[in-house]
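This report looks at charged groups and a few single positions in one protein chain. Please look at the sequence and the structure before reading on.

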Amino acid sequence: MDISDPLAAGIGDMVDIEEQDIPKVIPVMAVRDIVVFNYMIIPLFVGRNASVEAVQEALSEDKLLMLVTQKDSSVDEPGPDDIFKIGMVCMIMRTLKLPDGRLKVLVQAVQKAEIQEYVETEPFLKAAIELIETPEEQEITVEVEALMRNVCDQTEKILSIKGVLSSELQAILNGIEEPGRLADLVVSNLRLKTAESQSVLETHDSVKRLHKVLEYLNKELEVSTMQAKIQSEAKEEMGRTQREYYLREQIMALKKELGEFDEKSEEIEELRDRFKRARMPSTVKKEGEKQLGRLEMMHPDGSEANTIRTYLDWLLDVPWRKTTKDHLDLKIAKEILDEDHYGLDEVKERILEYLAVRKLNKNSKGTILCFVGPPGVGKTSLGRSIARAMGRKFFRFSLGGMRDEAEIRGHRRTYVGAMPGRVIQGLKTVQSANPVFMLDEIDKVGADYRGDPSSALLEVLDPEQNSEFSDHYLNLPYDLSRVMFVTTANMADTIPGPLMDRMELITLSGYTLEEKLEIAKRYLLPRQFKENGIEEKYLKIDDETIGLIISHYTREAGLRNLEREIGKVFRKVARRIAEGGKGPYVISKRTLSKYLGPFKVIPEADEEGIRLPGMATGLAWTEVGGEILTIEISLLAGKGGLTLTGQLGDVMKESAQAALTVCREKLPKLKLKADYFETKDLHIHVPAGAIPKDGPSAGITMAVALYSAMTGKTMKRGLAMTGEITLRGRVLPIGGLKEKALAALRANITTIIIPEQNKMDLVEIPEDLRAKLTFIPVKNIDQVFRKAFD
């Protein structure tokens with residue numbers, strides 16, 4: 001194999017050999033990828049057997065051999081048809097035998113020649129040649145001088161662009177006065193294709209050869225200029241990160257040569273293998289492989305590489321098709337619901353209906369359940385029971401106070417610290433594509449300049465849209481139709497209309513005293529024994545004491561305060577045991593105050609003051625359940641003034657005005673003067689004054705209180721009422737009847753006056769609760785007055 005070293009090639013003084021000294025038959029050696037020109041001194045590495053034999057033959061004779069370029073450099077054993085006809089006769093100036101058997105030969109070109117015929121082909125090529133005489137140099141004309149200057153100028157420009165122009169090279173170029181020699185010098189240093197260089201060699205006229213060289217120079221100058229421009233632009237655009245990338249790549253290449261561990265390659269292969277094994281849609285896999293290809297081209301320490309790596313981790317961690325098998329045995333589901341919750345029969349019935357539909361139609365999208373009720377009634381724990389009954393994973397997150405739409409849809413990857421929304425995060429946490437997903441406090445979602453989360457929830461909760469939910473971070477469709485969404489709220493009024501339209505509201509009003517007592521015995525007491533580390537033999541508490549805690553230390557629809565008060569008792573007992581007390585400690589009605597202090601709640605129906613004229617007991621609805629509302633009215637000597645206190649809202653103020661008008665109409669019936677109210681100042685107060693109050697259900701209560709003040713009669717004991725009033729004395733329907741009934745029962749009130757049109761709502765009240773209360777439906781205010789007073 002013959003390899004030339006172009007960097008060592010040069011131009012020397014012509015060896016003094018006459019043409020008659022060159023034999024007619026001479027050894028021939030093929031060279032690859034280089035065309036030898038006149039005056040060139042070039043080192044060659046000779047490795048092929050035929051070439052070594054040719055050199056040995058030349059050294060044994062006159063040190064002359066002919067160098068001819070191969071047509072195809074890939075041919076290892078070139079024959080006569082594989083080399084050009086025209087080459088250079090060269091003088092071997094030096095030889096050096098290398099340890100591997102090759103020869104390093106320094107040769108100088110002395111004369112151009114053409115092969116006439118091959119005399120020998122084995123063991124090396126030997127041919128009869130004809131020397132090509134160099135035409136006698138003619139006088140340098142102005143045209144030739146201009147041509148030579150152009151060649152020199154173009155050569156200097158190319159060398160300048162490449163950054164290798166020196167004063168020595170300029171001196172050599174400017175010192176050559178022969179056009180042929182200038183052409184040979186320039187073309188031997190141009191990166192021309194072998195065929196192009198050979199065509200220059202085969203052009204014998206020096207001026208024509210110089211023209212051809214100038215043509216190639218112009219082309220090379222254009223390419224070099226464009227190359228320099230591209231390099232300049234790339235260098236300007238390449239910032240610090242790119243420069244570090246190249247440096248680190250070099251370091252990594254060195255480490256690879258040293259056999260050190262290549263973490264990047266292993267990480268890429270690991271990710272590629274995970275994508276092959278992952279169960280995901282084809283579109284997701286295609287996007288993941290695309291981003292993996294980008295990551296492979298980046299340096300692992302770059303910021304964008306970290307972003308892509310995190311994105312790929314999310315794609316692989318999200319459960320695209322990983323689901324749990326539903327358990328749709330209704331009998332077992334009912335047992336689980338009964339085991340976890342006491343009461344709530346209507347809610348359990350609806351849940352079982354949902355499971356029944358899923359059992360009959362597994363592709364049914366169903367509806368979104370929304371549990372509405374005061375705090376502590378078991379809304380969240382119902383969601384856990386549903387998941388347990390169905391054998392699904394459970395995930396919960398709160399929407400309360402959420403104001404950023406990105407919390408639902410995720411952040412776009414262009415932002416620093418971007419991540420998917422809470423929905424995708426939850427799916428990754430539970431590693432299931434069909435969990436029970438509980439969205440707590442959906443009535444407390446906010447909105448500001450960052451977007452409206454409730455609008456983003458429309459897509460999440462709409463069964464017709466969520467099959468292609470798009471998270472901004474993943475930027476790929478995800479099927480949420482397999483997820484069972486359950487939401488909770490304290491009140492339905494603040495839920496946006498379009499959002500409420502996508503949900504089925506299930507109301508959890510609260511618990512009666514008996515239900516609370518049973519829940520405390522079944523759930524709260526065992527939990528407190530466990531949490532406080534107390535054995536049951538050390539603490540005894542009877543039902544009557546628990547009932548006293550419920551009625552005189554808590555007033556709530558749920559159970560949180562009850563559990564808090566029971567926990568307080570257990571902690572005090574735990575301290576005594578820890579200090580060495582033996583026990584057992586019996587908690588009774590007599591000793592309860594030692595643990596919890598004096599009563600915190602006194603039922604208003606037990607207050608003797610309720611019998612005074614000018615007072616009436618009403619029922620109100622709040623977001624934490626029903627409440628007792630006492631209205632007090634005083635009639636004083638004055639000039640017809642009306643004073644309203646107790647932080648009343650506009651609706652309650654209007655109810656007070658309507659009640660006053662209705663009572664004015666009753667003056668003749670009560671045999672009072674027509675100017676009765678013109679001589680009185682009327683003061684209406686609704687305790688407690690620090691709590692804002694509003695709503696449309698206090699009209700008949702205010703009318704009864706005013707009627708009581710006018711007549712001096714007192715309202716019946718154990719009676720409360722709710723209903724709005726018109727100017728003509730009609731009683732209008734109200735809402736929240738179940739919650740108000742529970743509030744009345746907690747206050748030991750057994751009789752409730754309700755509007756006639758609310759009779760249909762009585763079916764929503766549990767039968768055991770209806771059995772303890774007497775509901776009196778009324779149509780007008782006269783009926784109210786007759787039922788309210790003895």
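## A positive patch

In this predicted model, R571, K572, R576, R590 and K594 form a positive patch on the surface. Helix 20, which covers residues 560-578, gives the most to the positive patch, with 3 residues.

K594, one of the residues of the patch, sits in helix 21 (residues 592-596). Is K594 buried or exposed? The relative accessibility of K594 is 62%, and exposed means over 50%, so K594 counts as exposed.

## Salt bridges

How many salt bridges does the structure hold? The count is 35. Three of these pairs are described below, followed by a network.

The first pair to look at is D338 and K334, which form a salt bridge with the closest N and O atoms 3.0 Å apart. Both residues belong to helix 11 (residues 330-340). D338 and K334 are 4 residues apart, about one turn of the helix. D338 has a relative accessible area of 29% and is partly exposed. K334 is also partly exposed, with a value of 43%.

## A link between distant parts of the chain

D440 forms a salt bridge with R396, and the closest N and O atoms of this pair are 2.4 Å apart. Where do the two residues of the pair lie? D440 is in strand 11 (residues 436-440), while R396 is in strand 10 (residues 394-398). They are 44 residues apart, and the pair links distant parts of the chain.

The two partners fall into separate accessibility classes: D440 is buried, with a relative accessible area of 3%, whereas R396, at 37% relative accessibility, is partly exposed. The cut-off for buried is under 20%, so D440 falls within that class.

## A third pair and a network

E405 and R409 are also joined by a salt bridge, with 2.9 Å between the closest N and O atoms. E405 counts as partly exposed at 24% relative accessibility. R409 is buried, with a relative accessible area of 15%. Elsewhere, R274, D317 and K428 are joined into one network by salt bridges that share partners.

## Around E459

R409 appears again among the contacts of E459. Which residues does E459 touch, leaving aside its neighbours within four places in sequence? They are R409, Q465, N466, E468, F469 and S470.

E459 is placed in helix 16 (residues 453-461). The relative accessible area of E459 is 13%; buried means under 20%, and therefore E459 is buried.

## Two loop positions

T726 lies in the loop between strand 23 (724-725) and strand 24 (731-732). At 14% relative accessibility, T726 counts as buried. Not counting residues up to four places away in sequence, T726 touches V662 and L732.

L732 also serves as a reference point for Q757. Their C-alpha atoms are separated by 7.4 Å, and the two residues are 25 residues apart along the chain. Q757 is found in the loop between strand 25 (751-755) and helix 25 (767-772). With a relative accessibility of 47%, Q757 counts as partly exposed, because that class covers values between the limits of 20% and 50%.

Note on methods. Residues numbered from 1 in each chain as written. Predicted model: local features only at pLDDT ≥ 70, side-chain atom pairs only at ≥ 80, totals over all residues. Heavy atoms only, no water. Patch = residues over 30% accessible without salt bridge, like charges linked within 9 Å, V, L, I, M, F, W, Y side chains within 5 Å. Areas by Shrake-Rupley, 256 points an atom, 1.4 Å probe, with all protein chains shown as cover. Salt bridge = Lys/Arg side-chain N within 4 Å of Asp/Glu carboxyl O. Lys, Arg positive; Asp, Glu negative; His and termini not counted. Charge placed at Lys NZ, Arg CZ, Asp CG, Glu CD. Buried < 20%, exposed > 50% of the residue type's maximum accessible area, 1.4 Å probe, protein only. Contact = heavy atoms within 4.5 Å.
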